[in-house]
Structures are given as C-alpha cells and as structure tokens.
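Here are a few notes on how the helices pack and where the open space sits. Have the model on screen while you go through them.

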Amino acid sequence: MKRISRIVQFACGLLVVYFAIRYEFKGMFYTLLTLFLSLCIENLLTKYRIILPDFTRMCLDIFLFCSMTLGTGFHYYSKYSWWDMFLHFFSGFMLALVGHALYKSMTKSGNILLAVLFSLFFAMTCASLWEIYEFVCDQLLHTNMQQSMVNNVIIGNAGLIDTMTDIIMGAIGSLIGVFAIYNKGE
C-alpha cells in the first residue's frame with residue numbers, strides 16, 4: 001500500500017504544476033500541503049517506529065487528498081453539499097483505525113475491549129479538536145469553516161448545525177471503524 005502513498009504524492013506533484021499554470025495559487029498551496037503532510041506522516045511513522053497497517057495508511061493518504069486537494073483545491077466543499085459530511089464520516093472511520101494502530105504500538109495488551117475503547121475515544125477526541133480548530137479559525141481569522149455565513153452575514157444556527165453534523169458523522173464513522181476492529185478480533 002506504500003504504492004498508494006507514492007501515487008497520491010505523484011498526483012500532488014502533477015496537480016501543483018496544473019494549479020501553477022492556471023494561476024490558482026490556493027489550489028497549489030493546498031496540494032503542496034497535502035504532499036507535505038503525506039511526507040511528514042511517512043517520516044514520523046519511520047522515526048517513531050509506528051506500524052500502520054497498509055489499509056490504514058492508504059485511508060490516511062486518500063483522506064488528505066480528498067479533503068485538501070479535492071475539497072479546497074477543486075472546490076468540492078462548495079460544489080457538492082455532501083462532501084464535508086462524507087469526509088467527516090470517513091475521517092471518523094480512518095481515525096479509529098489510526099487509534100487502533102497507535103494502541104497496538106503502545107501496548108502488548110490483547111484486551112479487545114480496551115483496544116476498541118481507545119480507538120473510539122481517539123477518533124472522537126480528534127473530531128472534537130478539529131471542530132474547536134474550525135471555531136477558532138472562524139472567530140480569529142474570520143473564515144467560514146463552520147458554514148455559518150452567507151455573503152459575510154451570520155445565518156441563524158447554521159454553524160451549530162454544521163458542527164453537530166460533523167461530530168455525529170465522525171462518531172458514526174468511528175463506530176463503524178471500531179466495529180470492524182472488534183470483529184477482526186485484534
């Protein structure tokens with residue numbers, strides 16, 4: 001599956017050139033960020049000898065590409081109303097798998113219940129921290145990550161609805177991820 005990482009990294013390289021030719025610097029920036037984060041993850045895994053299963057690593061790279069390059073670079077967040085919800089669901093699933101890999105690398109315990117709980121809490125904590133990040137960016141940098149504004153006017157409780165939907169989708173994805181871990185019996 002390391003091949004998937006290389007394919008994503010190669011695609012990012014090509015897309016950086018594509019965005020540069022079109023003078024779309026925001027797309028170029030987020031594609032470079034995708035490439036940078038993919039390489040950072042690779043280096044961190046090697047440096048700290050964390051073993052991610054191939055499927056989990058593939059999910060990580062696909063998530064980075066879908067969220068940053070497709071979501072922001074190609075404007076999927078605004079083109080497809082379901083894109084944000086799908087990515088929060090997928091991130092919950094992926095983070096449960098990452099949490100399980102971290103649990104296995106930190107302990108020799110074969111207790112499946114502890115592994116499942118750690119994986120679930122890891123994924124839910126990451127989802128919550130992401131929503132805090134969105135809130136802080138919206139408040140301090142005047143972004144619209146929580147989708148609470150239309151034409152710079154705050155619209156009701158849209159931000160709250162977006163945040164809660166994101167957390168719920170992350171929770172559902174996490175639960176499916178830990179269900180898969182539990183059924184696999186690791």
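1. Start at the N-terminal pair: α1 passes α2 in a left-handed crossing. Keep in mind throughout that this is a predicted model. The two helices, α1 (residues 2–21) and α2, pack at an angle of about 155°, and their axes are 8 Å apart. With over 145 counting as roughly antiparallel, α1 and α2 are therefore roughly antiparallel to each other.

2. Who touches whom here? On the α1 side the contact uses Lys2, Arg6, Gln9, Cys12, Leu15, Val16, Phe19 and Ala20, and α2 answers with Gly27, Met28, Thr31, Leu32, Thr34, Leu35, Ser38, Leu39 and Glu42. Sorted by class, that contact of α1 with α2 comes to nine nonpolar, five polar and three charged residues.

3. Next, α3 and α5. Their axes cross at roughly 155° and come within 10 Å, so this pair is roughly antiparallel. The crossing of α3 past α5 is left-handed.

4. For the residues behind that crossing, look at Phe55, Thr56, Cys59, Leu60, Ile62, Phe63, Cys66, Ser67, Leu70 and Gly71 in α3, which meet Trp83, Leu87, Phe90, Ser91, Phe93, Met94, Leu97 and Val98 in α5. How many charged residues does the contact of α3 with α5 have? There are no charged residues in it, just 14 nonpolar and four polar ones.

5. Helix α5 (residues 83–106) also packs on α7 (residues 158–184), at an angle of about 40° and with the axes 7 Å apart. That angle makes the pair oblique, because under 35 degrees would be needed for roughly parallel. α5 passes α7 in a right-handed crossing.

6. The α5 side of this contact includes Asp84, Met85, His88, Phe89 and Gly92, and the α7 side includes Asp162, Thr165, Asp166, Met169 and Gly170. Phe93 and Leu97 of α5 take part too, and both also turn up in the contact with α3. The class split for α5 with α7 is ten nonpolar, eight polar and three charged.

7. Now the open space. The largest pocket has a volume of about 1400 Å³ and is lined by 40 residues. Which of them lie nearest its centre? Those are Ser67, Met68, Tyr77, Trp130 and Tyr133. Ser67 is worth a second look, as it is also among the α3 residues that meet α5.

8. As for where the lining comes from, α2 (25–47), α3 (54–73), α4 (76–79), α5 and α6 (112–140) each give at least two residues to the largest pocket. Its lining has 26 nonpolar, ten polar and four charged residues.

Definitions and conventions:
Residues numbered from 1 in each chain as written. Predicted model: local features only at pLDDT ≥ 70, side-chain atom pairs only at ≥ 80, totals over all residues. Heavy atoms only, no water. Axes fitted to C-alpha atoms, helices over the stretch in contact; angles between N-to-C directions. Helix = DSSP H or I, 4+ residues; strand = E, 2+ residues; numbered from the N terminus. Parallel < 35°, antiparallel > 145°, perpendicular 65-115°, else oblique. Left-handed = near helix turned anticlockwise from the far one by under 90°. Contact = heavy atoms within 4.5 Å. Nonpolar A, V, L, I, M, F, W, Y, C, P; charged D, E, K, R; others polar. 1 Å grid on protein atoms, 1.4 Å probe; cavity = no way out; pocket = protein on both sides within 12 Å on 5 of 7 lines; lining within 4 Å. Points joined across faces, edges and corners; volume = space filled by probe spheres on them.
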